[in-house]
Each structure stands twice: as C-alpha cells, then as structure tokens.
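Hi,

Here is the structure I promised to pass on. My notes on the ligand and the pockets follow it.

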Amino acid sequence: MTLNNLKVETLPSGVRVVTIAREKVLNALNSETLQELKAVLSEAAKDETVRVLVLTGAGEKAFIAGADIAEMKDKSVAEGTGFAQLGHEVTKLLELMPKPTIAAVNGFALGGGTEMAIACDFIVASEKAQFGQPEVSLGIIPGFGATLRLSKFVGLPRAKELIFSGRRVKADEAYAIGLANHVWPAEQFMEKTLELAQQIAQQSRTAVLKSKELMNEFSETVGLNYKLDSEAQAFGRLFGSHDQREGMGAFVDKRKPQFQGLKS
Ligand code: COA
C-alpha cells in the first residue's frame, strides 16, 4: 500500500516507529490516514521482527490534533458511525497487538489523538504535550474509545471531568493524573522514548507478550466490542444534529459555536 500520510521506520533493535505525517493539519486523522494505520498496524502485529511499536506525530507541534473536522463536518449518521468504527479498528489493533505499543506524545493530542494514545499500552510525553477530549465543543462525543478507555488511565471522575469540560491538560498535569508515565524535555524526547522501547525489546518476547495478554484480560477487555460499538452508534447518531453541524462548522469558519441545547 502506498503511504501518503504515514512514515514507518524499523530500527535494528526491532523498535518500529510509526509517524503520522500530516503536519499542515497538525496530523489530524482523516479516513485515508486511518486506513493506512489499519494496514500498517495489522502488518506490524504479524511481523516477527517487530518487537515494540512506537506511535508518534511529525513536526514540532502535534502528536494528533484529533479526527479531521473538515472531513467529518458533513457526515451523515451512517457515515459518522462508520468513521467511529474505523477508528475503533485502529485502536483495537494498538490495544490488542501481540507486542507492546507506546504512544510518544510530542505535542497536541486532542480528541482522536488522546484516544490513539490511550489505546497504546502506555504514554510517554514531551513537555510540549497537551491532551484533551474537546468533542463537546464540536457538538459530538468522543468516538474512538475515550468513553471506555480514558477512565482506565485517570479514573472515572477525572475522565468525566475531561470529557464533559473539553479542557486541555498539559504534560505535568498528565503525569500527575496518571495519563503519561514520563515527561521528558522536547530535545531529548525521542532519544529517551527509544531508550525505553529498546529496553523492552531486549527482554524475553514470550514473557512480555504473556504479561500484556494477562494484564489486558484482567483489565476488562471483555465486552470490548460491545462497548466500543455502543460508543460508535452514539457518536454516529449525533451527526446531522444542529449542535454537530454548528460545532464543526464554527471550527472550520474559525468562530465560536452557538449551541442549541437538547433540541437537534
Ligand atoms: N481537523 C482538521 N484540521 C485541523 C484539526 C483537526 N482536528 N486541527 C487542526 N487543524 C488544522 C487547522 O484548521 C489549521 O488549518 P489552516 O492552516 O488551513 O487554517 C491547521 O491545522 C493549524 O491549526 P490552527 O488551529 O491554526 O493551530 P493553533 O496552534 O492555533 O491551534 C489546536 C492548535 C490544536 C489547539 C487547534 O488546531 C484545535 O483546536 N484543533 C482541533 C482540535 C479538536 O477539536 N480535535 C478533536 C476533533 S474530534
């Protein structure tokens, strides 16, 4: 498959770095990028030479600034649901991959960006990282798994606060609330990330894999498909509503949205 939106590099240690490369739109995820991620992650899952996978974003500014709002804004209910389902296919590949996955969050990780990060086994952050679930400011809900996975990182009350308010969390706070395992200076960020990834890559592959399988199983990936599908359906139903059209239209037009309340 030709990759228009991703860079893929494998180091001699067996660490594969997958970089989202849509710098002009802060690495926002459109359908094409999600399809490419699906292909690249499926292949990495099978490739025995890949020991650890690192997901990151191109450029100085962003990891992933969310799903592509310009692409999403005119979607129908069925298209919105399908888009969330595609996002879930990608997040499940990260979460269930038979090898460790690390999110190297080098800048904005908003909406689908935080959701890709929390689908990885753990997150390391540059001091420039900012996390958040701003979907409510666009008239929608998170659609790539945050209603399920964010609370595993930060606990249910904090996950609710973040999803209800849409507020952004800087690197230090992300560390304090358990979202990021480490915060490293921007200049050393990839070096430190790769050092840790290489340390994992040197361990017994079987032992690391078995640990991941058990920890996933014990932390309720049971019912994963049902829960993610409920989220995708709820996400999709908001498409075409007044608040979704207004929220996303306002982002694209660079103005404040005027939400209508419970009417759609
Ligand atoms: N989808 C589509 N385009 C996006 C995007 C997204 N999620 N995030 C950023 N972009 C685009 C902007 O529209 C802008 O394009 P333009 O140069 O053609 O105007 C470009 O990326 C740069 O973004 P800009 O907003 O000018 O940068 P900033 O430094 O002022 O703000 C952010 C950075 C991340 C705070 C801001 O871009 C933002 O809020 N993005 C949306 C985040 C979001 O709501 N994500 C969840 C989606 S469900």
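A polar contact here is a pair of N or O atoms within 3.5 Å; within protein, one must be able to donate a hydrogen and the other to accept it, and residues adjacent in sequence count only if both atoms are side-chain atoms. This is a predicted model, in which local features need pLDDT of at least 70 and side-chain atom pairs count only at pLDDT 80 or more, while totals for chains, interfaces and linings use all residues. Residues are numbered from 1 along each chain as its sequence is written, and side-chain values use heavy atoms, with hydrogens and water left out.

Let me start with the ligand. A backbone N or O atom of alanine 65 lies 2.8 Å from one of its nitrogen atoms. At alanine 67, a polar backbone atom is 2.9 Å from a nitrogen atom of the ligand, and at lysine 24 a backbone N or O atom lies 3.5 Å from a ligand oxygen. On its own the ligand has 860 Å² of accessible area (Shrake-Rupley method, 1.4 Å probe), and the protein covers 69% of that.

The shell around the ligand holds 19 residues (each with a heavy atom within 4 Å of it), the closest being Lys61, Ala65, Ala67, Ile69 and Lys254. By class, this shell has 12 nonpolar, 2 polar and 5 charged residues (nonpolar being Ala, Val, Leu, Ile, Met, Phe, Trp, Tyr, Cys and Pro; charged being Asp, Glu, Lys and Arg; polar being the others, Gly among them).

Now the pockets. On a 1 Å grid over the protein atoms alone, a pocket is an open set of points where a 1.4 Å probe fits, with protein on both sides within 12 Å along at least five of seven lines; lining residues have an atom within 4 Å of a point. The ligand takes up the largest pocket (more than half of its atoms lie within 2 Å of the grid points).

That largest pocket has a volume of about 830 Å³ (the space filled by probe spheres set on the points, which are joined across faces, edges and corners). Its lining counts 34 residues, with Ala65, Ala67, Ile69, Leu138 and Phe251 nearest the centre. The lining divides into 20 nonpolar, 7 polar and 7 charged residues.

The second largest pocket has a volume of about 410 Å³. It is lined by 18 residues, and Cys120, Asp121, Phe122, Met215 and Asn216 are the closest to its centre. Here the classes are 9 nonpolar, 4 polar and 5 charged.

Best wishes
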